[in-house]
Amino acid sequence: MMMNVDLFLNAEEVHQLTGFKRKTKQIQQLKKMGIPFFINATNRPIVSRSVVDGSAKAKPPKTQGWQPAL
């Protein structure tokens with residue numbers, strides 16, 4: 001059986017996450033919280049569900065190439 005899971009938080013979930021209903025305030029709060037999002041054509045912040053449910057995988061840190069000790 002296949003479950004229908006939305007990829008993005010709905011408007012109510014973004015409101016609950018940020019504590020704000022106004023789009024501009026939600027955007028400010030998401031920036032403060034360090035939560036990645038993008039803005040759609042209606043200027044609404046869109047947050048991936050994987051970012052807040054912990055299933056997003058962090059990128060491994062970039063390692064610099066070998067450098068001689070000076």
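These legends go with an overview and a set of close-up views of a predicted model.

**Figure 1. The whole chain, with its 3 helices and 2 strands.** Starting from the N terminus, you meet the elements in the order α-α-β-β-α. The chain has 70 residues, and buried ones make up 16% of them. Its accessible surface comes to about 6,200 Å², with 58% of that belonging to carbon and sulfur atoms. How much of the contact list comes from residues 24 or more positions apart? Among contacts with a separation of 6 or more, such residues account for 33%.

**Figure 2. The start of helix α1 and its cap, Asn10.** Look for Asn10 at the N-terminal end of α1, where this residue acts as the cap. A side-chain oxygen of Asn10 sits 3.1 Å from the backbone nitrogen of Glu12. Helix α1 itself covers residues 11–18.

**Figure 3. The other end of α1, seen around Thr18.** Thr18 belongs to helix α1. Is Thr18 buried or exposed? Its relative accessibility is 7%, so Thr18 counts as buried. The side chain of Thr18 has polar company on the backbone: a polar atom of that side chain lies 2.9 Å from the backbone oxygen of Val14, and one lies 3.2 Å from the backbone nitrogen of Phe20. Val14 is four places before Thr18, and the helix rule fits here. In an α-helix there are 3.6 residues a turn, so residues three or four places apart point the same way. Leaving out residues up to four places away in sequence, Thr18 touches Gln26, Gln29 and Leu30. Just after α1 comes Gly19, with a positive phi of about 90°.

**Figure 4. Gln26, a buried residue in helix α2.** Helix α2 runs over residues 23–33, and Gln26 is part of it. With 2% relative accessibility, Gln26 counts as buried, because the cut-off for that label is under 20%. What does Gln26 touch, once neighbours within four places in sequence are set aside? The contacts of Gln26 are Ala11, Val14, His15, Thr18, Phe20, Lys21, Arg44 and Pro45. Thr18, the residue in the previous view, is one of them.

**Figure 5. Phe8 and Phe38, an aromatic pair.** The count of aromatic pairs in this model comes to 1. Its two ring centres, in Phe8 and Phe38, are 5.9 Å apart, and the ring planes stand at 85°, so the pair is edge-to-face. The two partners come from distant parts of the chain, 30 residues apart: Phe8 is in the segment before α1, while Phe38 is in strand β1, residues 38–39. Are these rings hidden away or partly exposed? Phe8 has 38% relative accessibility and counts as partly exposed. Phe38, at 43%, also counts as partly exposed. Together with Leu7, Phe8 and Phe38 make a nonpolar surface patch of about 320 Å².

**Figure 6. Arg49 and Glu13, joined by a salt bridge.** The salt bridge count comes to 1. The side chains of Arg49 and Glu13 meet here, at 2.9 Å from N to O. Arg49 is in helix α3, residues 49–53, and Glu13 is in helix α1, so the bridge ties together parts that are 36 residues apart in sequence. How far apart are the C-alpha atoms of Arg49 and Glu13? They are separated by 9.8 Å. Glu13 has a relative accessible area of 24%, so Glu13 is partly exposed. Arg49 has other partners too: leaving aside neighbours within four places in sequence, Arg49 is in contact with Val5, Asp6, Leu7, Phe8, Leu9, Asn10 and Glu13. Among them are Asn10, the cap from Figure 2, and Phe8, one ring of the pair from Figure 5.

**Figure 7. Asn43, in the loop between the two strands β1 and β2.** Asn43 is in the loop that lies between β1 and β2, the latter being residues 45–46. Phi of Asn43 is near 65°, a positive value in a residue other than glycine. Is Asn43 buried or exposed? The relative accessibility of Asn43 is 51%, so Asn43 counts as exposed.

Methods. Residues numbered from 1 in each chain as written. Predicted model: local features only at pLDDT ≥ 70, side-chain atom pairs only at ≥ 80, totals over all residues. Heavy atoms only, no water. Phe/Tyr/Trp six-rings, centres within 6.5 Å; stacked < 30°, edge-to-face > 60°. Buried < 20%, exposed > 50% of the residue type's maximum accessible area, 1.4 Å probe, protein only. Patch = residues over 30% accessible without salt bridge, like charges linked within 9 Å, V, L, I, M, F, W, Y side chains within 5 Å. Areas by Shrake-Rupley, 256 points an atom, 1.4 Å probe, with all protein chains shown as cover. Salt bridge = Lys/Arg side-chain N within 4 Å of Asp/Glu carboxyl O. Contact = heavy atoms within 4.5 Å. Polar contact = N/O pair within 3.5 Å; in protein donor to acceptor, adjacent residues only side chain to side chain.
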